Amino acid sequence: MPYIPHTDNDRREMLATIGVQTIDELFREIPENLRVAPGSLDLPPALDEPKLFSHLWEISKKNVNMADVTCFLGAGIYDRYIPATVGAVISRGEFLTAYTPYQPEASQGYLQAIYEFQTMVAELYGMDLSNASMYDGSTSMAEAAIMATSIKRRERVGVSEAVHPHYRQVLNTYCWSMGIDVVTLPATESGATDYTGADGCACVIVQYPNFFGTIEDLKSTRAAADEHDALMIVVADPVACALLKSPGSFGADIVVGEGQPMGVAMGLGGPMVGLFATKKSLIRQIPGRIVGKTKETHGDRPGFVMTLRTREQDIRREKATSNICTNEALMALASTVYMIALGKNGMRQVAETSVRNTQYAIAQLIAAGAKLKFAHKVFDEFVLELPKDPTMVRDALLEKGILAGLPLGPYYEGLDNCLLVAVTEMRTMEQIDQFAACLKEVLA
């Protein structure tokens, strides 16, 4: 975006338009003692445009450029191939500038895109319906948990320790503000979940595959949910669901997830797109919105309408299920174009290639001196136990052009020597061999 500062005359015209004379008048509601006095901030001198861009370029060099390294880092954001059609569609002006439609039926193209997105997410997860307008996977999970407490009228939720740590942090923040207790269900030595502490919980939350890459037994999850009269919530990887049995086929009540692996660039951690699917019987309880398909009153032309809007901006506050507002429509469109471009068979091929690459990587890295921490079946992520400090190993491998993975010590007690490694369809045998050779050298 061009760097175009406002002139003094620009500022005077804007202030006059809104009926004030100074910028300070805009902050008159803030007590004087809470305002920063003019000139009190120790800021460096302003830079002209060339120097500013030079300064920002120097800052950008501190980041690791994915074009310069081979990425084996996952942990929620994955290096997957994005077809050229995705960028071609979402960069069109009519999509790039689209925002939440306040007169939705006038935005037929926008509504159709959301409708197609919902349809494919619901099919992928094996659920009756999907909504739109979730921020990311973590907030989708938190919204699902709050939805469960409303349905079951309990102030307690159970979440597996093997769910992404950042997701659980977001869940704690949401639930803390609403007075809901969060119970952590421990991960066993095999990397799966122990449900014995779920008594009195409105829901049981598991990840599929979980944070360690382990494919959870969702039959056990369904049985545990039934035993405790709780809802079954699954945080599911959509790419994995192109190959594995869908959460819906196991009887999941709510399925949420992160759509980033489907056509959304890693982009320094965002933006992302939250997925949220559920059973038809729970439709009135969901956050966000649903777009439906109908026909014109006069004629047979199809039309798309905003069928359900449950946010507090659209209905009475006491009847709202959530305050979710801004729509991640552009990212949802990217995922929609991705799913259309690949189709059912293409997505399955992506998942199968990831599995083959993962199994090859496990064999090569074990031969290089690492151990596999958990024996369960995995999808495209796994935990290695190393004879040296994983942070040191990661940093040494980064110097060799390999982004090795995530050290788990800061997140899990007892996993101080463990490294979480992701292998997607993007990795080649040559890259995996190089990773193994460099790891062997570093460990030696």
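**Contacts and overall build**

I started with the contacts in this predicted model. Among contacts between residues at least 6 apart in sequence, 70% join residues at least 24 apart. Next I counted secondary structure and got eleven helices and 15 strands. I then checked the radius of gyration: 24 Å, close to the 22 Å that the globule rule gives for 444 residues, so the chain is as compact as a globular protein of that length. The C-alpha trace spans about 70 × 60 × 50 Å along its principal axes.

For burial, I noted that 48% of the 444 residues are buried. The exposed surface comes to about 22800 Å², with carbon and sulfur atoms supplying 54% of it.

**Domains**

I pulled up the domain assignment, which gives domain 1 as 8-55, domain 2 as 70-81 + 343-443, and domain 3 as 85-337. I also looked up the separation of domain 1 and domain 2: their centres, taken over C-alpha atoms, are 48 Å apart.

**Around Arg80 and Tyr81**

Which residue pairs with Arg80 in a salt bridge? I found Glu425, with the closest N and O atoms 2.6 Å apart. Glu425 sits in the loop between β15 (418-422) and α11 (429-443), and Arg80 in the loop between β1 (70-71) and α3 (84-90), so the pair ties together parts that are 345 residues apart in sequence. I checked burial for both partners. Glu425 is buried at a relative accessible area of 16%, and Arg80 is buried too, at 6%.

Then I moved on to Tyr81, which is also in the loop between β1 and α3. Leaving aside neighbours within four places in sequence, I see Tyr81 in contact with Tyr338, Glu425 and Met426. I also took the C-alpha to C-alpha distance from Tyr81 to Thr424: 9.1 Å in space, against 343 residues in sequence.

**More salt bridges**

My tally for the structure is 17 salt bridges. Another one I opened up is Lys279 with Asp253, where the closest N and O atoms are 3.0 Å apart. Lys279 lies in the loop between β8 (274-278) and β9 (289-295), while Asp253 lies in the loop between β6 and β7 (254-258), so this pair ties together parts 26 residues apart in sequence. Is Asp253 buried or exposed? I have Asp253 down as buried, at 7% relative accessibility. Lys279 is partly exposed, with a relative accessible area of 29%. I followed the shared partners from here and ended up with one network that joins Arg222, Asp226, Asp253 and Lys279.

**Asp229, Arg154 and Arg153**

I looked at Asp229 next. Asp229 makes a salt bridge with Arg154, and the closest N and O atoms are 3.0 Å apart. Asp229 is in the loop between α8 (218-227) and β6 (231-236), and Arg154 is in the loop between α6 (137-152) and β3 (156-160), so the pair ties together parts that are 75 residues apart in sequence. Asp229 counts as partly exposed, at 44% relative accessibility.

I then ran through the backbone angles. Most residues other than glycine have a negative phi, and most peptide bonds are trans. Phi of Asp229 is near 50 degrees, a positive value in a residue other than glycine. Arg153 got a similar note from me: its phi is near 55 degrees, again positive in a non-glycine residue. Arg153 is placed in the loop between α6 and β3, and at 75% relative accessibility Arg153 counts as exposed.

**A cis peptide**

Where did I find a cis peptide bond? It runs from Tyr208 to Pro209, with omega near -10 degrees. I placed Pro209 in the loop between β5 (203-208) and α8.

**Ser246**

I clicked on Ser246, which is found in the loop between β6 and β7. Its relative accessible area is 15%, so Ser246 is buried, the cut-off being under 20%. Not counting residues up to four places away in sequence, Ser246 touches Leu124, Tyr125 and Gly126.

**A nonpolar patch**

Last, I checked the surface for nonpolar side chains. Ile18, Ile23, Leu26, Phe27, Ile30 and Leu34 form a nonpolar patch there, with about 570 Å² of accessible area together. I singled out Phe27, which lies in the loop between α1 (8-17) and α2 (49-60). Phe27 is partly exposed, with a relative accessible area of 41%.

Methods. Residues numbered from 1 in each chain as written. Predicted model: local features only at pLDDT ≥ 70, side-chain atom pairs only at ≥ 80, totals over all residues. Heavy atoms only, no water. Salt bridge = Lys/Arg side-chain N within 4 Å of Asp/Glu carboxyl O. Helix = DSSP H or I, 4+ residues; strand = E, 2+ residues; numbered from the N terminus. Buried < 20%, exposed > 50% of the residue type's maximum accessible area, 1.4 Å probe, protein only. Domains from an automatic or database assignment. Contact = heavy atoms within 4.5 Å. Patch = residues over 30% accessible without salt bridge, like charges linked within 9 Å, V, L, I, M, F, W, Y side chains within 5 Å. Areas by Shrake-Rupley, 256 points an atom, 1.4 Å probe, with all protein chains shown as cover. Rg over C-alpha atoms; globule rule 2.2 N^0.38 Å.
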